[in-house]
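Biologist: I'm new to this one, so please pick a single part and take me through it slowly. I'd like to know what surrounds it, too.

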Amino acid sequence: MTERKPLADPRQVAAYLGVAEKTLRQWRYLKTGPKFTKVGGRIRYRWSDVEKYLDGDRGAKVA
């Protein structure tokens, strides 16, 4: 069984990408940032989706 990485919150992803949390909010609205999901009404990111975004697979979708 593959070990799962914990989900990241917007603060963690913003810090990792070197952008403001406000920028992530804009990207979600414009559907241009990394994929995200909502868990219990909160925005969360899979680290694999953040890495895909960095590798050029840009396009956000709500799971």
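Modeller: Let's start with how the pieces get their names: helices (H or I, at least four residues) and strands (E, at least two) are DSSP runs, numbered from the N terminus. One example of using those names is that Gly-56, just after α3, takes a positive phi of about 110 degrees. Keep in mind that this is a predicted model, where local features need pLDDT of at least 70 and side-chain atom pairs count only at pLDDT 80 or more, while totals for chains, interfaces and linings use all residues. Residues are numbered from 1 along each chain as its sequence is written, and side-chain values use heavy atoms, with hydrogens and water left out.

The protein has three helices and two strands, and along the sequence they follow the pattern α-α-β-β-α. I'll pick the part where the helix α1 (residues 10–17) packs against α3 (residues 47–54).

Two packed helices are described by the angle between their axes and the distance between the axes. Here the axes come within 12 Å and cross at roughly 30 degrees; axes are lines fitted to C-alpha atoms, for helices over the stretch in contact, with angles running from 0 to 180 degrees between N-to-C directions. α1 and α3 are therefore roughly parallel to each other. That wording covers angles under 35 degrees, with over 145 being roughly antiparallel, 65 to 115 roughly perpendicular and the rest oblique. α1 passes α3 in a right-handed crossing, meaning the near helix is turned clockwise from the far one by less than a right angle, while anticlockwise would be left-handed.

Who touches whom? From α1, Gln-12, Val-13, Tyr-16 and Leu-17 meet Trp-47, Val-50, Glu-51 and Leu-54 of α3. Contact means heavy atoms within 4.5 Å. By type, the residues of this contact are six nonpolar, one polar and one charged (Ala, Val, Leu, Ile, Met, Phe, Trp, Tyr, Cys and Pro count as nonpolar, Asp, Glu, Lys and Arg as charged, and the others, Gly among them, as polar).

Now for what is tucked away, where buried means under 20% relative accessible area, exposed over 50% and partly exposed in between (1.4 Å probe, protein chains only). In α1, the buried residues are Pro-10, Val-13, Ala-14 and Leu-17. They fall within an arc of 100 degrees seen down the axis, so they line one face of α1; the arc is that of the directions from the helix axis to the C-beta atoms. The background is simple: an α-helix has 3.6 residues a turn, so residues three or four places apart point the same way. The cover over α1's buried residues includes α2, β2 and α3.

On the α3 side, Asp-49, Val-50 and Tyr-53 are buried. Their arc is 105 degrees, so they line one face of α3 as well. Their cover includes α1 and α2.

That brings in α2 (residues 21–30), whose buried residues are Leu-24, Trp-27 and Arg-28. Those cover an arc of only 100 degrees, which puts them on the same side of α2. On the other side of α2, Lys-22, Tyr-29 and Leu-30 are exposed.

As for β2 (residues 42–44), Ile-43 sits in that strand. Ile-43 is buried, at a relative accessible area of 16%. Leaving aside residues up to four places away in sequence, its contacts include Pro-10 and Arg-28, the first of which is a buried residue of α1, the second a buried residue of α2.
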